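Hi,

Here is the structure I said I would pass on. Have a look at it first, and then read my notes below.

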Amino acid sequence: MLRVDLRELTRGGGAVQTQGELKQDDPALEGVDISLREPVTVTGRLQSIGEGRFYWQGTARTAVQGECRRCLTPVATALQLEIGALFTQDPEALDDPDSYPVAPEATEIDVTTAVREELLLAAPRFVECREDCKGICPQCGKDLNAGPCGCAPAADARWQPLKALKDMLRSN
Ligand SMILES: [Zn+2]
Ligand SMILES: [Zn+2]
């Protein structure tokens with residue numbers, strides 16, 4: 001459950017545990033540019049920290065499907081996000097980028113927005129299937145982890161413009 005009933009918060013003495021799950025096809029995850037292999041598991045604690053101000057501290061865990069940037073093999077990486085978000089009914093507190101508005105008459109707080117924001121920022125960085133991945137041959141496309149391919153070593157790209165110039169001079 002990612003929504004917290006504010007009456008429950010009062011009953012809970014100002015703090016309440018949150019626990020829930022966002023399925024991969026949850027509309028809240030629309031536009032999040034990472035492919036999730038698993039639902040996002042969310043745990044946390046919402047705390048009342050003053051008049052109309054609530055602090056949520058949570059953890060979102062999932063597994064991300066990516067591909068090795070060298071050899072393009074599919075790789076799953078665990079993703080764990082520590083999230084701190086301020087939910088506030090005070091419009092002046094909204095300057096803080098980690099704060100989210102709560103309508104003055106709201107009876108519940110939905111922490112999904114904070115999870116979504118973090119996931120948007122957590123777009124997959126470069127992943128590698130293993131530290132010493134050899135990648136694929138740029139000429140024949142063979143996966144070099146399986147062995148050398150027999151292509152001649154690629155000409156040093158720095159000399160290409162010079163070679164082009166020479167060819168041009170020669171053809172004149
Ligand atoms: Zn690789
Ligand atoms: Zn090759």
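What follows is a short tour, from the whole chain down to one helix.

First, the housekeeping. This is a predicted model, where local features need pLDDT of at least 70 and side-chain atom pairs count only at pLDDT 80 or more, while totals for chains, interfaces and linings use all residues. Residues are numbered from 1 along each chain as its sequence is written, and chains are lettered from A and ligands numbered from 1 in the order in which they are written.

The chain has three helices and eight strands (DSSP runs numbered from the N terminus: helices are H or I with at least four residues, strands are E with at least two). From the N terminus the order is β-α-β-β-β-β-β-β-β-α-α.

As for overall form, the C-alpha trace spans about 85 × 40 × 25 Å along its principal axes. The radius of gyration (over C-alpha atoms) is 25 Å, whereas a compact globule of 172 residues would be near 16 Å; that rule is 2.2 Å times the number of residues to the power 0.38. There are two domains, domain 1 (3-121) and domain 2 (137-172), with bounds from an automatic or database domain assignment. Their C-alpha centres lie 49 Å apart.

Of the 172 residues, 15% count as buried, meaning that 20 or more other C-beta atoms, placed from the backbone, lie within 10 Å of the residue's own (12 or fewer is exposed, in between is partly exposed).

Now for the core. The largest nonpolar core (buried Ala, Val, Leu, Ile, Met, Phe, Trp, Tyr and Cys residues joined through C-beta atoms within 7 Å) has 20 residues, and Leu46, Trp56, Val111 and Val115 have the most contacts inside it. Strand 2 (15-22), strand 4 (40-50), strand 5 (53-67), strand 6 (74-88) and helix 2 each give two or more residues to this core.

Helix 2 covers residues 112-121 and includes Val115. Which of its residues are buried? They are Ala114, Val115, Glu118 and Leu119. Those buried residues fall within an arc of 135° seen down the helix axis, so they line one face; the arc uses directions from the axis to the C-beta atoms.

Val115 itself is buried because 27 other C-beta atoms lie within 10 Å. Setting aside residues up to four places away in sequence, Val115 touches Leu22, Val40, Val42, Ala60 and Ile83, where contact means C-beta atoms, placed from the backbone, within 7 Å.

Cheers

Notes. Two residues are in contact if their C-beta atoms, placed from the backbone, lie within 7 Å.
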